[in-house]
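Let's take a friendly tour of this structure, beginning with its cysteines and then moving on to its strands. Have the sequence and the 3D view at hand as you read.

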Amino acid sequence: MPKTVVIPPGTGKPLAPYVPGTLADGVLYVSGTLPLDAEANVVHVGDAGAQTRHVLETIKGVVEAAGGTMDDVTFNHIFLKDWADYAAINAVYAAYFPGEKPARYCIQCGLVKPEALVEIASVAHLGKAG
């Protein structure tokens with residue numbers, strides 16, 4: 001099956017061997033996204049809401065670069081460092097998905113950057129071959 005790599009303009013170098021997104025058969029897979037700047041530094045240290053907003057804006061950029069919108073997101077994988085941040089993460093998350101919500105799961109775990117409080121990976125169905 002053919003696939004298309006999706007790398008939005010201005011994307012920084014990844015921490016490992018992966019790309020921001022891969023589009024195959026109309027389905028976009030967005031890699032786990034941390035709250036990082038272009039130099040791979042964690043932004044908004046200590047602020048789970050601001051980190052979530054940064055992560056979702058990054059995901060939105062990948063989805064839009066592939067020709068979709070956040071309404072096309074059908075599933076999110078959410079990883080959080082501390083359950084104490086759950087409400088702050090959900091408050092921002094809800095603003096990005098105001099209508100019908102995508103399916104999701106959320107787990108607590110350690111993240112690759114100690115200052116990161118949240119990581120999200122997404123799946124979006126764009127309805128066109130890629």
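## Two cysteines

C106 is buried, with a relative accessible area of 18%. Keep in mind that this is a predicted model. C109, in contrast, counts as partly exposed, at 24% relative accessibility. If you select both residues in your viewer, you can compare their surroundings directly.

## No disulfides

A disulfide is a covalent bond between the sulfur atoms of two cysteines. How many disulfides does a search of the whole structure find? The count is 0.

The sulfur positions help to explain this. For C106, the closest cysteine sulfur belongs to C109 and lies 8.8 Å away, which is too far for a bond. Seen from C109, the closest cysteine sulfur is that of C106, again at 8.8 Å and too far for a bond. The cut-off that matters here is 2.5 Å between the two sulfur atoms.

## Strand β6 and its partners

Now turn to strand β6, which covers residues 118-125. Is β6 largely enclosed or open? Of its 8 residues, 7 are buried, so the rest of the structure largely encloses this strand.

Two pairings of β6 are worth tracing. With strand β3 (residues 27-33), β6 forms an antiparallel pairing over 5 bridges; here T33 stands opposite I120 of β6. With strand β4 (residues 73-80), the pairing is also antiparallel and runs over 7 bridges. In that part of the picture, H77 has A121 in β6 as its bridge partner.

Key
Residues are numbered from 1 along each chain as its sequence is written. This is a predicted model: local features need pLDDT of at least 70, side-chain atom pairs count only at pLDDT 80 or more; totals for chains, interfaces and linings use all residues. Side-chain values use heavy atoms; hydrogens and water are left out. Buried means under 20% relative accessible area, exposed over 50%, partly exposed in between (1.4 Å probe, protein chains only). Helices (H or I, at least four residues) and strands (E, at least two) are DSSP runs, numbered from the N terminus. Two strands pair if DSSP finds at least two bridges between them.
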